[in-house]
Amino acid sequence: MKMTREQRYRRIEQAEPGEIGKLEALISACPWRQHYHIQPITGLLNDPNGFSYYQGYYHLFYQWFPLGTEHGMKYWYHTRSTDLVHWEEVGIGIQPGDTYDSHGAYSGSAIEKDGQLHLLYTGNTRDEDWIRHPYQCLAIMDESGSITKVHQPVITEVPSGYTEHFRDPKVWQQGDTYYCVIGAQRVDETGCTVLYRSSDLKNWTFLGEIHTGLPNFGYMWECPDYLEMQGQGVLIFSPQGIESHEDEYQNIFQSGYLIGEPLDLQTRQFEHGSFHEMDRGFDFYAPQTMQASDGRRILVGWMGLPDLEYPTDKSGWAHCLTIPRQLSLREGKLIQQPVSEMVKLRGDSEGNHMEFTMNHETRSFADFAGLAYELECEIRDFDAEVVGIELRASLEEKTVLQYDRLAQKVTLDRSQSGATLADQNGNVRRCALNADVLKFHIFVDSSSVEIFVNDGEEVFTSRIFPSKDSTEIRFFALGGKGGFKASKWDY
């Protein structure tokens with residue numbers, strides 16, 4: 001039963017007696033709780049926030065509504081890790097309910113200054129007519145981990161020419177100056193990104209809109225993130241309202257990027273190439289990046305989408321975050337690969353390894369099965385029309401990853417993955433790939449699959465909800481032969 005608006009905008013302390021206990025009981029019985037992904041302790045998780053490195057820890061917060069699986073009163077929930085793999089739950093990071101975040105602490109980012117971690121976020125408020133009034137707020141975490149809100153917002157109003165859809169500040173430092181981008185909607189209901197400047201993170205000057213070659217590209221740009229790497233500028237954002245076209249833009253909302261010359265901070269001119277989707281799967285949104293102390297640029301995304309129902313809703317929780325991914329640029333594309341630290345999940349296991357040739361057949365192997373694992377598969381010397389892998393398979397269920405040599409396309413099909421998902425997204429995703437050798441690097445968990453194709457040239461991120469009995473891995477080559485080399489580690 002759906003919550004009323006009043007129920008959705010309660011704080012934790014306003015929960016009914018026993019309400020959280022009921023959620024926890026539901027969750028403990030859920031077969032789809034993840035083994036190694038960040039997931040909410042109760043209720044709903046969405047955007048990753050405040051991704052940063054401070055005092056020897058990676059800090060990663062997420063948007064959290066604790067009392068149900070709908071979007072309501074949002075908190076920042078705090079997790080931290082020394083290695084990007086094993087995450088510790090710290091607890092509530094930012095609690096909403098004050099004057100300038102009365103209806104939620106919305107998304108934002110973090111940066112270290114003067115030995116403290118500064119958290120810049122959007123405070124969501126509503127007036128008596130339920131009209132939104134956003135404020136950009138600041139909270140500061142000290143060396144002990146204690147977080148204190150700055151009483152007044154640091155950006156108090158929406159500039160002229162933009163609607164109240166104005167949120168998700170992402171901050172960075174250039175020299176002695178701080179900049180932030182904010183996702184915005186113009187009054188003509190088109191999306192864009194705006195730029196601010198500050199010398200102290202508390203007093204911000206509105207510089208204006210970033211000039212891109214996309215003046216009419218969706219109705220809102222959420223979660224913008226500007227970064228520079230390998231001498232180029234990259235603008236990542238999540239546009240809403242993009243029409244699907246052939247294999248492109250099939251999800252209800254997209255996440256993607258522009259690559260170009262570094263942003264001119266004086267003119268705000270950003271010369272760039274075409275927009276590319278970051279992920280070819282079903283469930284990826286609102287990614288955020290950080291620069292690690294060793295210089296790597298690392299990304300985490302929300303493994304979910306707004307406005308969709310998921311099978312775990314009935315079990316009192318929704319969504320998780322992706323594994324961390326290292327970014328690089330290759331031939332004009334943003335490449336995502338699992339961070340090297342993920343090998344720690346292999347433990348002391350040497351894994352299972354095998355090589356075999358397939359000729360118009362499907363095969364499974366006793367040692368290749370499981371609920372949560374890492375799988376590397378290389379397919380070469382193939383003349384088969386279709387080659388691929390069935391994951392989390394049984395008699396009734398399977399998630400199919402395949403390459404069609406004639407069409408030169410990779411396809412992920414979750415139409416038989418298990419519990420059904422919302423119709424709006426469909427069950428098949430494809431992208432073009434011209435390759436003589438295929439490399440699939442796959443991370444499977446109880447209710448998700450993340451597939452890195454040819455060293456991160458393409459990525460498919462998806463939730464799947466199979467039964468616990470669906471553990472088989474099947475390899476296939478149809479209409480010809482193919483040489484397979486596979487390695488698997490249990491997690």
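A salt bridge here means a side-chain nitrogen of Lys or Arg within 4 Å of a carboxyl oxygen of Asp or Glu. Keep that cut-off in mind. One more thing before the residues: this is a predicted model.

Let's start with Arg 429. It sits in strand β28, residues 428-432. Arg 429 is buried, yet it has no salt bridge. The nearest side chain of opposite charge is Glu 277, and that is 6.7 Å away. The cut-off is 4 Å, so a pair at that distance does not count.

What does the side chain of Arg 429 reach? The backbone oxygen of Asn 425, at 2.7 Å. There is also the backbone oxygen of Gln 250, which lies 3.3 Å from a polar side-chain atom of Arg 429. Now the surroundings, leaving aside neighbours within four places in sequence. Arg 429 is in contact with Gln 250, Asn 251, Arg 280, Gly 281, Phe 282, Val 410, Thr 411, Leu 412 and Phe 460. Hold on to two of those names, Arg 280 and Phe 460. Both come back.

Arg 280 now. Its side chain meets that of Glu 248 in a salt bridge, 3.4 Å from N to O. Arg 280 lies in the loop between β16 and β17, and Glu 248 in the loop between β14 and β15, so the pair ties together parts 32 residues apart in sequence. Arg 280 is buried, with a relative accessible area of 12%. Glu 248 is partly exposed, at 28%. The pair does not stand alone: salt bridges that share partners join Glu 248, Glu 277, Arg 280, Lys 333 and Glu 458 into one network. Note Glu 277 in that list. It is the nearest opposite charge to Arg 429.

How many salt bridges does a search of the whole structure find? It finds 30. Two further examples. Lys 2 pairs with Glu 309, with the closest N and O atoms 3.9 Å apart. Lys 2 is in the segment before α1, Glu 309 in the loop between β18 and β19, and 307 residues separate them. Both of these residues are exposed. Then Glu 209 with Arg 186, closest N and O atoms 2.7 Å apart. That one links strand β12 to strand β10, 23 residues apart. Buried or exposed, Glu 209 and Arg 186? Both are buried.

On to a sheet. Four strands form an open, antiparallel sheet, in the order β13-β14-β15-β16. β13 and β16 stand at the edges with a single partner strand each, so one side of each is left without a neighbour in the sheet. β13 pairs with β14, residues 232-240, over 8 bridges. Within that region, Asp 225 stands opposite Ile 236 of β14.

Last topic, the nonpolar cores. In soluble globular proteins, nonpolar side chains tend to be buried together. The largest core here has 51 residues, and Tyr 36, Ile 298 and Met 342 touch the most other members. Elements giving two or more residues to this core include β1, β2, β3 and β17. Which of the elements gives the largest share? That is β2, with 5 residues. As for Ile 298, the residues it touches beyond four places in sequence include Phe 51, Tyr 58, Leu 84, Met 290 and Val 339. A second, separate core has 35 residues, among them Phe 356, Tyr 373, Val 453 and Phe 460. And there is our second returning name: Phe 460 is also a contact of Arg 429.

Conventions
Residues numbered from 1 in each chain as written. Predicted model: local features only at pLDDT ≥ 70, side-chain atom pairs only at ≥ 80, totals over all residues. Heavy atoms only, no water. Buried < 20%, exposed > 50% of the residue type's maximum accessible area, 1.4 Å probe, protein only. Lys, Arg positive; Asp, Glu negative; His and termini not counted. Polar contact = N/O pair within 3.5 Å; in protein donor to acceptor, adjacent residues only side chain to side chain. Contact = heavy atoms within 4.5 Å. Pairing = 2+ DSSP bridges. Core = buried A, V, L, I, M, F, W, Y, C linked by side-chain atoms within 4.5 Å.
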